[in-house]
Amino acid sequence: MATSSSSPSAESAWPLPAARPEEVGLSSERLARMRTALELEVAEQRIPGAVVAVARRGRLAVLEAVGKLDPAGSAPMQADAVFSIASMTKLMVSTAIMMLYEEGRLLLTDPAAKYLPELAEMKVAVTSPGGAMTLVAAERPFTIQDLLRHTSGLTYRDRGTSEAHKLYPGSSTTAAVRLTKAEFLGALAKVPLVYQPGTTWEYGFSTDVLGLVVEAVTGKSLGEALRERLWAPLGMRDAGFALSDAQQSRYARAFPNDVLTGQPIAIHHATGKSFKFESGGGGMVATAADYMRFLEMLRRGGELDGQRYLGRKTVDYMTADHLGSHVVNRITTMDAACVGYGFGLGVAVRMQTGVAGLHGSKGDYYWSGAYGTYFWVDPAEELCTVFMAAAPGQIRLRYRQLLRALVLQAITD
């Protein structure tokens with residue numbers, strides 16, 4: 001089994017100032033359990049390899065790579081490997097929306113149709129016990145806030161088996177490969193919402209729509225807007241919607257078959273296919289270092305290296321629960337272990353230290369990607385963690401719990 005790691009002495013290669021673990025209240029001895037555990041995951045062929053970054057109090061204590069870059073080759077995983085991050089794209093798009101909100105260019109209570117008029121007349125599906133579908137008028141249009149907190153009523157095709165679900169154009173990446181932006185909006189305008197707006201948390205195309213709102217408001221492509229506002233100023237060198245020729249040798253690949261089901265699997269950027277529009281719901285590539293820069297900016301209340309991206313109160317607002325008692329919370333349909341989490345504007349938010357089936361602190365927030373990537377931020381512990389692996393399928397749920405336990409057990413103060 002191949003392994004590689006980065007040393008704090010190579011500080012110039014790290015996304016944040018380096019620290020020995022003990023300098024930031026972490027135990028080197030206990031952190032070694034993380035490498036041991038991940039090496040076992042690789043040895044037992046549950047993942048080809050992984051990269052983990054852990055920062056505390058603004059300093060990076062861990063940036064390690066284990067396993068292989070490509071299970072079909074011999075090259076070791078490297079700390080600057082490029083991954084398809086799928087739905088971890090969503091928080092960047094949500095952040096861009098909040099930047100526009102701070103500039104007075106949109107309001108969270110604005111109907112999305114104000115910017116995308118194609119979506120003005122969407123209906124809501126009502127499914128009978130026998131499976132028959134009827135359409136009713138929406139009680140109100142879905143808003144920018146609904147899109148940010150996933151209460152728009154939009155879904156993905158694979159989120160259910162009803163007649164309404166069957167009408168949806170796949171997932172974020174499959175839709176972006178198959179349809180142009182105009183075709184996507186036209187297809188979405190024809191599907192029914194599966195819930196009345198503002199009533200129920202449901203995962204789906206909400207953030208893809210937000211990406212199109214960013215384009216409508218800025219007059220730029222989503223990639224151009226994100227590069228101008230986040231990627232370039234934050235120094236996220238490998239962030240983008242397309243895998244460049246130069247990145248191919250650092251791109252992390254998955255096993256050809258799902259390790260649990262044995263079924264063939266494919267990750268978009270490994271297929272060679274191109275997007276017809278840039279998917280705000282799941283289209284990006286990035287490195288662990290890229291994403292760590294972004295997370296540390298949020299953890300610090302919207303500022304990094306002397307540049308402010310968001311106001312502190314805006315970050316507080318984003319990372320507070322926006323479901324309350326009046327919205328049906330279905331987050332456990334994504335991961336049964338996250339019972340007790342609410343949802344903010346782009347992230348799941350922990351409501352109490354206990355209850356959930358994974359370690360954490362009240363107020364921590366996270367999200368993940370369908371291809372195996374994951375992050376969480378624990379403001380109480382001044383902690384950011386990024387986990388990157390090419391591990392699509394349900395096996396990915398394992399690493400959300402595993403990494404939480406391995407990182408948090410190493411805190412010594």
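## A selection tour of the protein chain

Colour by charge to begin: the protein chain carries 42 positive and 41 negative side chains, and the centres of the two sets lie 2 Å apart. Lys and Arg count as positive, Asp and Glu as negative, while His and the chain ends are not counted. Each charge is placed at NZ of Lys, CZ of Arg, CG of Asp or CD of Glu.

The model is predicted, so local features need pLDDT of at least 70 and side-chain atom pairs count only at pLDDT 80 or more, whereas totals for chains, interfaces and linings use all residues. Numbering runs from 1 along each chain as its sequence is written, and side-chain values use heavy atoms, with hydrogens and water left out.

**Whole chain**

Switch to cartoon. The protein chain has 12 helices and 14 strands. These are DSSP runs numbered from the N terminus: H or I of at least four residues for helices, E of at least two for strands. The radius of gyration is 20 Å, close to the 22 Å that the globule rule gives for 413 residues, so the chain is as compact as a globular protein of that length. That radius is taken over C-alpha atoms, and the rule is 2.2 Å times the number of residues to the power 0.38.

Draw a box along the principal axes. The C-alpha atoms fill roughly 60 × 45 × 40 Å. Now show the surface. It comes to about 15,800 Å² accessible, with 51% belonging to carbon and sulfur atoms. Areas come from the Shrake-Rupley method with a 1.4 Å probe; for residues, only the protein chains shown count as cover.

Of the 413 residues, 59% are buried. Buried means under 20% relative accessible area, exposed over 50%, and partly exposed in between (1.4 Å probe, protein chains only). Among contacts (heavy atoms within 4.5 Å) between residues at least 6 apart in sequence, 69% join residues at least 24 apart.

**Stop 1: helix α2**

Select residues 89-102. This is α2, with 14 residues. From first C-alpha to last, α2 reaches 20 Å, close to the 20 Å expected at 1.5 Å a residue. The expected span is 1.5 Å times one less than the number of residues. Because 12 of its 14 residues are buried, α2 is largely enclosed by the rest of the structure. Among the buried ones are Lys 90, Met 92, Ile 97 and Leu 100. Step past the helix to Gly 104, which has a positive phi near 75°.

**Stop 2: Leu 148 and His 150**

Select Leu 148 in helix α3. Leu 148 is buried, at 1% relative accessible area. Beyond four places in sequence, its contacts include Ser 94, Ile 97 and Met 98, and those three residues are listed as buried in α2. Leu 148 also touches Leu 210 and Phe 343, among others. Add His 322: it is 174 residues from Leu 148 in sequence, yet 9.4 Å away C-alpha to C-alpha.

Move to His 150, in the loop between α3 and α4. His 150 is buried, with a relative accessible area of 2%. Check its backbone: phi is positive, about 65°, although His 150 is not a glycine. Most residues other than glycine have a negative phi.

**Stop 3: Arg 159**

Stay in the loop between α3 (144-149) and α4 (163-166), and select Arg 159. At 19% relative accessibility, Arg 159 counts as buried. Show its contacts more than four places away in sequence: His 165, Trp 201, Glu 202, Tyr 203, Arg 330, Thr 333 and Met 334.

**Stop 4: Leu 188**

Go to helix α6 (residues 181-190) and pick Leu 188. Leu 188 is buried, at 0% relative accessible area. Beyond four places in sequence, Leu 188 touches residues including Leu 119, Met 122, Tyr 168 and Phe 205. Leu 167 is 21 residues away in sequence and 9.0 Å away in space, C-alpha to C-alpha.

**Stop 5: towards the solvent side of the scale**

Select Glu 121, in the loop between α2 and β5 (123-127). Glu 121 is exposed, at 64%. Its C-alpha lies 29 Å from that of Ala 86, 35 residues away along the chain.

Next, Glu 382, in the loop between β13 (374-378) and β14 (383-388). Glu 382 is partly exposed, at 33%. Its phi is positive, about 55°, although it is not a glycine.

Finish at Arg 59 in strand β3 (residues 59-67). Arg 59 is partly exposed at 30%. Its contacts beyond four places include Pro 17, Glu 23 and Val 54. Measure across to Met 122: 63 residues apart in sequence, 47 Å apart C-alpha to C-alpha.
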